[in-house]
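Dear colleague,

I am handing over the structure below, and my notes on it follow. Please read them alongside the coordinates and tell me where your reading differs.

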Amino acid sequence: MSAAELDRAVALLVRQVGHWQQPRWAAVAEGGDVSRADLVHRLVQDVADLAADAEGEPRRDVPRLAHPMALPDQLRVVTADLVAAGPPQAVLAGAAALVTATRGAL
């Protein structure tokens, strides 16, 4: 798994949700009991944790912003942080799998 493939997975998810307004974000994710916004925020946190681990830094909570429309941008930022950290290919593959699974649940 390359960084380009992870970036592509993120781009597909962002393209899917980037135009959503509040009601779509508030809807319950498919097959779950959390909102779509909660699900994507969880993904952002998971990718941020992978980036922190790859950098040898402590994990930090990603702030939950007032408007879920910021989530695609947050995902792009934490993904760029992960790629910049230069983790092993297995970590990139794991991150891409998380993105793909989230996209499928939306």
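**Pocket and helix packing**

The largest pocket has a volume of about 170 Å³, and please bear in mind throughout that this is a predicted model. Its lining is made up of 13 residues, and those nearest the centre of the pocket are Ala48, Ala51, Ala52, Arg60 and Asp81. Sorted by class, that lining holds 7 nonpolar and 6 charged residues, with no polar ones. Two helices, α3 (36–55) and α4 (71–85), each contribute at least two residues to the lining of the largest pocket, and the largest share, 4 residues, is supplied by α3.

Since α3 takes part in the pocket wall, I looked at its geometry as well. At 1.5 Å a residue, the 20 residues of α3 should span 28 Å, and the distance of 29 Å between its end C-alpha atoms agrees with this. Just after α3 comes Gly56, which takes a positive phi of about 70 degrees.

How does α3 lie relative to α5, and which residues make the contact? The axes of α3 and helix α5 (residues 89–105) come within 10 Å and cross at roughly 180 degrees; because an angle over 145 degrees counts as roughly antiparallel, α3 is roughly antiparallel to α5. On the α3 side the contact is made by Leu39, Val40, Leu43, Asp46 and Leu50, and on the α5 side by Val91, Ala95, Leu98, Val99, Thr102 and Ala105. By class, this contact of α3 with α5 comprises 9 nonpolar, 1 polar and 1 charged residues.

The other pocket helix, α4, has a contact with α1. The axes of helix α1 (residues 3–17) and α4 come within 10 Å and cross at roughly 175 degrees, and the two helices are therefore roughly antiparallel to each other. Ala3, Leu6, Asp7, Val10, Leu13, Val14 and Val17 of α1 meet Pro72, Leu75, Arg76, Thr79, Leu82 and Val83 of α4 in this contact, whose residues divide into 10 nonpolar, 1 polar and 2 charged.

With best wishes

Key:
Residues are numbered from 1 along each chain as its sequence is written. This is a predicted model: local features need pLDDT of at least 70, side-chain atom pairs count only at pLDDT 80 or more; totals for chains, interfaces and linings use all residues. Side-chain values use heavy atoms; hydrogens and water are left out. On a 1 Å grid over the protein atoms alone, a cavity is a set of points where a 1.4 Å probe fits but cannot get out, and a pocket is an open set with protein on both sides within 12 Å along at least five of seven lines; lining residues have an atom within 4 Å of a point. Grid points are joined across faces, edges and corners, and a volume is the space filled by probe spheres set on the points. Ala, Val, Leu, Ile, Met, Phe, Trp, Tyr, Cys and Pro count as nonpolar, Asp, Glu, Lys and Arg as charged, and the others, Gly among them, as polar. The expected span of a helix is 1.5 Å times one less than its number of residues. Axes are lines fitted to C-alpha atoms, for helices over the stretch in contact, and angles run from 0 to 180 degrees between N-to-C directions. Angles under 35 degrees count as roughly parallel, over 145 as roughly antiparallel, 65 to 115 as roughly perpendicular and the rest as oblique. Contact means heavy atoms within 4.5 Å.
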